Amino acid sequence: MRDVIFLPNVSDEYLVIAADNSAGVGEKDFDVVQVDYETVAYFGLRVALSECLAVGATPIALVIQNFIGDEEWDRLKKGCCKIFSECDMEPIPITGSTESNFSMVQSAVGIIVIGKVKKDEMKIKRTTKDAKFACIGRPLVGEEVIKNKEEIAPLSLIQKLLDHKSVYEIVPVGSKGIQFEWNELCQENGLNHSMIVSKRIDIKKSAGPATCFLLSYDPAGEKDIAAIAGRHFYRLYTGD
């Protein structure tokens with residue numbers, strides 16, 4: 001199942017809701033990963049936004065749930081706006097709430113993206129039985145995300161692949177890893193592959209803030225897709 005909710009909006013359209021959160025990541029003394037709050041918001045939005053985009057939706061609103069403190073609101077908002085700039089997207093309305101009554105010893109932030117998609121433009125349940133699979137980007141988590149940014153699949157790259165005629169579906173990979181997302185994708189499309197393997201990446205490792213994406217595609221377009229993705233392209237092999 002996708003990590004989004006589809007809600008009927010008008011007769012031919014759905015509202016799409018996607019969310020992500022982080023805890024123990026930030027600038028407080030007891031945070032497990034020490035990183036500035038702009039980066040925290042940047043990667044939080046990256047996850048929710050990629051979930052929204054991957055199903056074909058256009059984002060229309062952003063909600064930030066801030067458990068850090070009032071003084072950090074502008075930095076969280078700035079980190080979110082950086083994503084839109086990098087993807088050449090117009091900023092969307094931002095609202096949210098801050099916990100200002102109590103102070104926490106660790107940082108915590110929640111991000112919600114609301115989008116909309118036409119029912120006949122939804123990019124789900126499109127993977128065919130002869131599809132090939134690849135991972136775009138490497139699975140990274142924790143400190144690896146900060147130290148190996150060059151291994152993360154750019155969101156702008158995912159936008160390009162979404163529009164490619166040979167791409168069936170794109171699924172952001174979360175904390176349960178590539179193999180889990182692949183199993184879910186196959187089940188959703190009624191496919192009977194028994195296993196998936198990779199010669200270059202760990203398919204069971206957490207991908208943290210969606211540092212990589214699972215891709216299903218028409219085999220005829222593999223050369224072109226691999227050229228677009230460049231060094232971020234990792235072929236996955238199936239068993240029957």
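This report describes the sheet pairing, one internal cavity and the cysteines of a predicted model.

**Strand pairing**

Five strands make up an open sheet of mixed pairing, arranged in the order 1-2-7-5-6. Its edges are strand 1 (4-10) and strand 6 (94-98), each of which pairs on one side only. When direction is ignored, neighbouring strands of this sheet are turned by 20 degrees against each other on average. Within this order, strand 7 (residues 108-118) and strand 5 (residues 58-66) are joined by eight bridges in the antiparallel sense, and Val63 is found opposite Ile112 in strand 7.

A further antiparallel pairing links strand 9 to strand 11 (residues 213-217) through five bridges, with Val167 standing opposite Tyr217 in strand 11. In general, the strands of a sheet pair through backbone hydrogen bonds, in either a parallel or an antiparallel manner. Strand 9 is largely enclosed by the rest of the structure, because six of its six residues are buried.

**The second largest cavity**

Strand 9 also takes part in the lining of an internal space. The count of cavities of 30 Å³ or more comes to two, and the second largest of them has a volume of about 30 Å³. Its lining consists of Lys123, Arg126, Leu162, Val167, Tyr168, Glu169 and Ile170. Strand 9 (residues 167-172) gives the most to this lining, with four residues. Sorted by class, the lining of the second largest cavity holds four nonpolar and three charged residues, and no polar ones. Val167 thus appears in two settings, as a lining residue of this cavity and as the residue opposite Tyr217 in strand 11.

**Cysteines**

Why does the structure hold zero disulfides? A disulfide requires two cysteine sulfur atoms within 2.5 Å, whereas the cysteine sulfur closest to that of Cys52 lies in Cys87, at 12 Å, and is therefore too far for a bond. The view from Cys87 leads to the corresponding result, because the closest cysteine sulfur, in Cys52, is 12 Å away and likewise too far for a bond. The accessibility of the two residues is set out below with these distances.

| Residue | Closest cysteine sulfur | Relative accessibility |
|---|---|---|
| Cys52 | Cys87, 12 Å | Cys52, 0%, buried |
| Cys87 | Cys52, 12 Å | Cys87, 8%, buried |

Cys52 counts as buried because its relative accessibility of 0% is under the 20% cut-off, and Cys87, at 8%, counts as buried by that cut-off as well.

Note on methods:
Residues are numbered from 1 along each chain as its sequence is written. This is a predicted model: local features need pLDDT of at least 70, side-chain atom pairs count only at pLDDT 80 or more; totals for chains, interfaces and linings use all residues. Side-chain values use heavy atoms; hydrogens and water are left out. Buried means under 20% relative accessible area, exposed over 50%, partly exposed in between (1.4 Å probe, protein chains only). On a 1 Å grid over the protein atoms alone, a cavity is a set of points where a 1.4 Å probe fits but cannot get out, and a pocket is an open set with protein on both sides within 12 Å along at least five of seven lines; lining residues have an atom within 4 Å of a point. Grid points are joined across faces, edges and corners, and a volume is the space filled by probe spheres set on the points. Ala, Val, Leu, Ile, Met, Phe, Trp, Tyr, Cys and Pro count as nonpolar, Asp, Glu, Lys and Arg as charged, and the others, Gly among them, as polar. Two strands pair if DSSP finds at least two bridges between them. Axes are lines fitted to C-alpha atoms, for helices over the stretch in contact, and angles run from 0 to 180 degrees between N-to-C directions.
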